[in-house]
2 protein chains.
Amino acid sequence: MGNAKWEQFAARMRELTDLGRALSLLSWDQSVVMPGKAAASRARATATLDSLTHSKATDPGLGDLIDDLIDDPSLDDLRRRSVEVAKRDYDKATKVPDDLVRALAEATGIGYQVWTEARPASDFAVFEPHLEKIVALRKEYADAVGYANERYDALLDDYEPGLTAIEVETVFAELIDGLEPIVDRVLAKAGPAPAFLRGKFDVGAQEAFCQWLVGHLGFDTAGGRLDVSPHPFTIQISAGDTRQTTRYTADELLSSVYAAIHETGHALYDQGLPEEWLDLPIGHYSSLAMHESQSRMWENQVGRSREFVGFLLSKLKERFESSLGGVTPDEFYEGVNHPERSLIRVEADELTYNLHIVLRFELELAMFRDELAVADLPEAWNKAVEQHVGLRPSDDRKGVLQDMHWSGGMQGYFPTYTLGTLYAAAFYAKAETDLGSLEGDLKRGETRRLLEWLRANIHSKANRYDTKVAAEKVLGAPFSPKPFLDYLETKYFELYDA
Amino acid sequence: MGNAKWEQFAARMRELTDLGRALSLLSWDQSVVMPGKAAASRARATATLDSLTHSKATDPGLGDLIDDLIDDPSLDDLRRRSVEVAKRDYDKATKVPDDLVRALAEATGIGYQVWTEARPASDFAVFEPHLEKIVALRKEYADAVGYANERYDALLDDYEPGLTAIEVETVFAELIDGLEPIVDRVLAKAGPAPAFLRGKFDVGAQEAFCQWLVGHLGFDTAGGRLDVSPHPFTIQISAGDTRQTTRYTADELLSSVYAAIHETGHALYDQGLPEEWLDLPIGHYSSLAMHESQSRMWENQVGRSREFVGFLLSKLKERFESSLGGVTPDEFYEGVNHPERSLIRVEADELTYNLHIVLRFELELAMFRDELAVADLPEAWNKAVEQHVGLRPSDDRKGVLQDMHWSGGMQGYFPTYTLGTLYAAAFYAKAETDLGSLEGDLKRGETRRLLEWLRANIHSKANRYDTKVAAEKVLGAPFSPKPFLDYLETKYFELYDA
């Protein structure tokens, strides 16, 4: 039986994959290429394909195939894993009533629109009823999908399959305990940011540099592209087609370069997923945190290391001699790592970034535990920023309104940023345990040995295991925030003699 | 009844439209943006969406709705036309067995691939069995779809609904009778091509010029794009999203400029289709010949007129002073219109281009009337070129293997090029009858009055009528090749004092 049913199952997965590819392309095109006047017609085409995909993904025939295959003893482990993941997805998709899917799509569509206007006006009141509605619908969603322990688990599960709120709380508590003393000690020593980071940097030269850099790091440009978009992102359209973006401003150099390094981390993961699995659930990336572990590792452990920064500066000087000619490697290293207390998450440095995530997670959790009302969110936000970051936002634009996630109904997403950061440090430490120090490699701008290790230990595993299990297998030990704390301590105490 | 059934019908048309938009984007992306390694995965995604579209387009529920609506007296003329066109499409799609659809897709997929290798090698023998197969399948296709008179009518009908082989034969005979004496007389006087057409033309400057030019001609860049691809084309992705391409070579200037003008003609038509009809069959372009009438008119009647050429040269000199500084308007006018006998269709000039089309049509017709075997095609081709063009191809690369159409199963397509050219001249003459001479406008580079006339008389009608009927309504008289012959005679006798 197994084989014929499996072939039918695989054919349905291929069809869903191809619909997903078309949707990915519609989305990439919309962010990078699409003319402005196409917004409405593109939104409708996307909705039509979404709806077609949803009806294929919830087709009872697929459910029957999954039920037949899930107990089939003749399936090998790889096929069984694909069927298990498919079952999880199918059960979830069929549990959510169509009315709720539509209501969420509508509320977040409008909510996002209202947010784009409320943020610059710093007007939480106009956004509040929409967020109220979105949070209520996300609670309905969590209740429909179901959870063992608490509502927030159902939201988390969309981004980190199997992870629970309690687990995140435990990890984040340990992180904060270790992080706060390091932050205090380092910031007491760090002065203002170096001046050379601002200047005039020809956009064409930045583009040429980033195109060279992503290729140098191993990004296969015959199987991908680097383009421009206001918010950098990476998307895998299909096998042989992974696209990343960055953005350029003429008065600043590092944002384009470090966005490109970050996105290259994502892109290398996508390009390393085994092509023969790509049509099956086992072939997808493991989770958002796993994806973020790759981007953060390339951006920080590699890209902001003293060794690689020296290499980077020498290469940048070839193109930006007039602005960077007098900058020393030590100055540049401090420049790309300079930490400070700040209000805006996306501008935060490596040392303080996770404080921003922890406070968002705490607020989300309080909302979904019915301990915090949306109306009380701005004040709760400001208090939390004061507690964790040590500053108080001057207005909601720089406070509760700064991120788009909640307007899009993406509650449960924020923790993946920090989890990814913690995984990055843990994986990098393990890579150096396995390979020996990578400092010599990075000094020469060489990343091949690291990439091969990532290919073998992470990329090639794709969605073979849920991220928590996958991480334990890579590390050979349970995961903890300790490698990240060790990494920060070593790096920043050395940098500021703290 | 009408209203509820109509709404169901319209919803199905919207869904088909959205699937078509996704397919259009996949296709545009493949030609302009896609990384090379994605070829196989893109082909499969396209095939999956094609197959989904086909199953929606042949769904018996759609057939029932069409049957109910086609006799509904409460429908207004516009809705009735949409239902009639939908019925024609539905009947055709359901008449072709799935096996034949697949066999054709496969044979043309492989056939095209083999052709790309056979052409540079000038090796017809390797292509012959594939073309044999394709022609046999296209005959099967014609028989499945059905026809009143002869097989070729069924092929033509895909591109020019309602047109018959006999009608094309009649028009082409009249065209050739008038054209050959003009060609002979003009070529006896025309010398070799002017030397200034070759030189060094910075590609960046060409790009900037073409971007300016297409906007100047009325192309709405907020609702479209101009990109680069090896074979220039125009595609409407959706409302507010019409994309055209051109291509640049550093040693030649006119090919990028005239490709951009040609494609702008296509793009202005697409951008002029009424947005409120776009989801319905009535909102599509009327036919390929109608589309080509627009591109040819802008390229030739406008773009190669003595008046517009003067304007164009003055604008080009602003950017290419070193190459064009010494060129006079008269020299430039001769340069962009210089005629000569040639072997390659896509390089042929306005005077001799249609000779290439007529011979292709005659050969296609002979094949589908079972009067010419594929094996005898190369010799028949060479004879036909000698007869119509007065040259003999040195090899099949410059002969029967030069065009991709037959390898793609597009028999019946070639006549639309010439029909479009003939319509262009007829429409332009009618525009000048209605508006008075446009020479003064073109001298100033002004095309607004012409565009408004095209919007009112052609673009806004979309697929309200089949092209033959639409043309008669525009012209107020039956269509004939005479305006085109008059145009050529006036233009070329004046140019060469013939």
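Start with helix α11 of chain A, residues 288–302, and select A:E292 and A:R296. In this predicted model, the two side chains meet in a salt bridge, with 2.9 Å from N to O. Why is one within reach of the other along the helix? A:E292 and A:R296 are four residues apart in α11, which means that about one helical turn separates them. Side chains of opposite charge can pair when their charged atoms come close. To see how often the salt-bridge rule is met, widen the selection to all chains: the count comes to 82.

Next, show chain A and chain B together and select the residues in contact. The selection should hold 38 residues of chain A and 38 residues of chain B. Between them the two chains bury about 2800 Å², and 58% of that area is on carbon and sulfur atoms.

Stay at this interface and turn to the charged pairs. How many salt bridges does the rule find across the interface of chain A and chain B? The rule finds ten. For an example, select A:D241 and B:R42, which form a salt bridge with their closest N and O atoms 3.6 Å apart. Polar contacts can be displayed as well: 21 residue pairs make them across the interface of chain A and chain B, with both residues at pLDDT 80 or more.

Now hide chain B and colour the side of chain A that touches it by element. Five entries belong in the selection, each giving two or more residues to this side:

- helix α1, residues 2–32
- helix α2, residues 39–57
- strand β1, residues 224–228
- strand β2, residues 234–238
- strand β3, residues 241–246

Of these elements, α1(A) gives the largest share of the side that touches chain B, with eleven residues. Recolour that side of chain A by residue class, and 15 nonpolar, nine polar and 14 charged residues appear.

The last stop is inside the protein. The structure holds five cavities of 30 Å³ or more, and the largest cavity has about 40 Å³ of space. Which residues line the largest cavity? Select B:E160, B:P161, B:L163, B:Y423, B:D466, B:T467 and B:K468 to display its lining. By class, the lining of the largest cavity divides into three nonpolar residues, one polar residue and three charged residues.

Definitions and conventions: Residues are numbered from 1 along each chain as its sequence is written. Chains are lettered from A and ligands numbered from 1 in the order in which they are written. This is a predicted model: local features need pLDDT of at least 70, side-chain atom pairs count only at pLDDT 80 or more; totals for chains, interfaces and linings use all residues. Side-chain values use heavy atoms; hydrogens and water are left out. On a 1 Å grid over the protein atoms alone, a cavity is a set of points where a 1.4 Å probe fits but cannot get out, and a pocket is an open set with protein on both sides within 12 Å along at least five of seven lines; lining residues have an atom within 4 Å of a point. Grid points are joined across faces, edges and corners, and a volume is the space filled by probe spheres set on the points. Ala, Val, Leu, Ile, Met, Phe, Trp, Tyr, Cys and Pro count as nonpolar, Asp, Glu, Lys and Arg as charged, and the others, Gly among them, as polar. Contact means heavy atoms within 4.5 Å. Buried area is the accessible area (1.4 Å probe) that two parts lose on being put together, summed over both. A salt bridge is a side-chain nitrogen of Lys or Arg within 4 Å of a carboxyl oxygen of Asp or Glu. A polar contact is a pair of N or O atoms within 3.5 Å; within protein, one must be able to donate a hydrogen and the other to accept it, and residues adjacent in sequence count only if both atoms are side-chain atoms.
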